[in-house]
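Trainee: I should like a close look at a single part of this model, namely the protein surface that faces the DNA. Please describe it in one connected account.

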Amino acid sequence: MQYWLIKSEPETYSLEDLKKEKIGRWDGVRNYTARNNLRLMRTGDLCLFYRSVTQPAVVGLCKVVKEHYPDPTSDNPAWVAVDVEFHSALKKEVPLKAIKDNPNLQEMALLKQSRLSVQPVSVAEFDEILNLSEK
DNA sequence: GCCAACGTTGGC
DNA sequence: GCCAACGTTGGC
C-alpha cells in the first residue's frame with residue numbers, strides 16, 4: 001500500500017468534479033517522472049488530492065480503482081492514465097503554507113519538486129497531513 | 001500578470 | 001553530448 005499526491009487545477013478538474021463522477025480518469029500527464037509514478041500505482045492506493053494554482057491546498061482523498069492503461073487523450077500509448085474513486089473531502093483543507101511551515105513535511109516532493117504532478121507520499125507525511133486536516 | 005524552476009527541443 | 005532557446009507549471 002502506497003500513498004500518493006496528485007495535483008489538479010480546479011478549472012481543469014476539481015475534487016467536486018470527481019465527487020460528482022464518483023470515478024474519474026486521471027489522464028493528460030505528459031511528464032516522464034509523473035508517468036512513471038502513475039505506473040507504480042496499485043489498486044487500493046490512496047491519493048491526496050491537491051488543488052494547485054488557485055488557493056493551493058490538499059483538499060481531499062481518492063483511491064486508485066484501476067491501474068495504468070494507455071491514456072485515451074494521447075496517440076502515444078507510452079502515456080498512461082489511471083482511474084480514481086472519490087473517497088472524501090478533508091474536514092479542513094491543508095494549505096500549501098501549512099505544509100511549508102510544518103517541520104515534519106519539509107522533505108515532501110511537493111516542496112522539493114514543485115512541478116511534479118504525481119508524487120509518492122510517505123506514511124508519516126500522509127498521517128501528518130490528515131492530522132492537520134482534523135485541527 | 002510576473003517570474004522562478006525546470007523540462008523539452010533542436011542546432012551544432 | 002552540450003547548451004541555448006523556448007515552453008509549461010505553479011506560487012505569489
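Mentor: A residue is near a strand if one of its heavy atoms lies within 4 Å of it. This is a predicted model, in which local features need pLDDT of at least 70 and side-chain atom pairs count only at pLDDT 80 or more, while totals for chains, interfaces and linings use all residues. Residues are numbered from 1 along each chain as its sequence is written, chains are lettered from A and ligands numbered from 1 in the order in which they are written, and side-chain values use heavy atoms, with hydrogens and water left out.

Around DNA strand C lie Lys-7, Tyr-50, Ser-52, Val-53, Pro-56, Leu-96, Lys-100, Ser-114 and Arg-115. Of the atoms of DNA strand C that come within 4 Å of the protein, 84% belong to sugar and phosphate. Two lysines make polar contacts (pairs of N or O atoms within 3.5 Å) with phosphate oxygens of this strand: a polar side-chain atom of Lys-7 is 3.2 Å away from one, and for Lys-100 the distance is 2.4 Å. Arg-115 instead addresses a base, with a side-chain N or O atom 3.0 Å from a base oxygen of DNA strand C.

Arg-115 also belongs to the surroundings of DNA strand B, together with Asn-31, Tyr-32, Lys-112 and Gln-113. For DNA strand B, sugar and phosphate supply 50% of the atoms that come within 4 Å of the protein.

Note on methods
A polar contact is a pair of N or O atoms within 3.5 Å; within protein, one must be able to donate a hydrogen and the other to accept it, and residues adjacent in sequence count only if both atoms are side-chain atoms.
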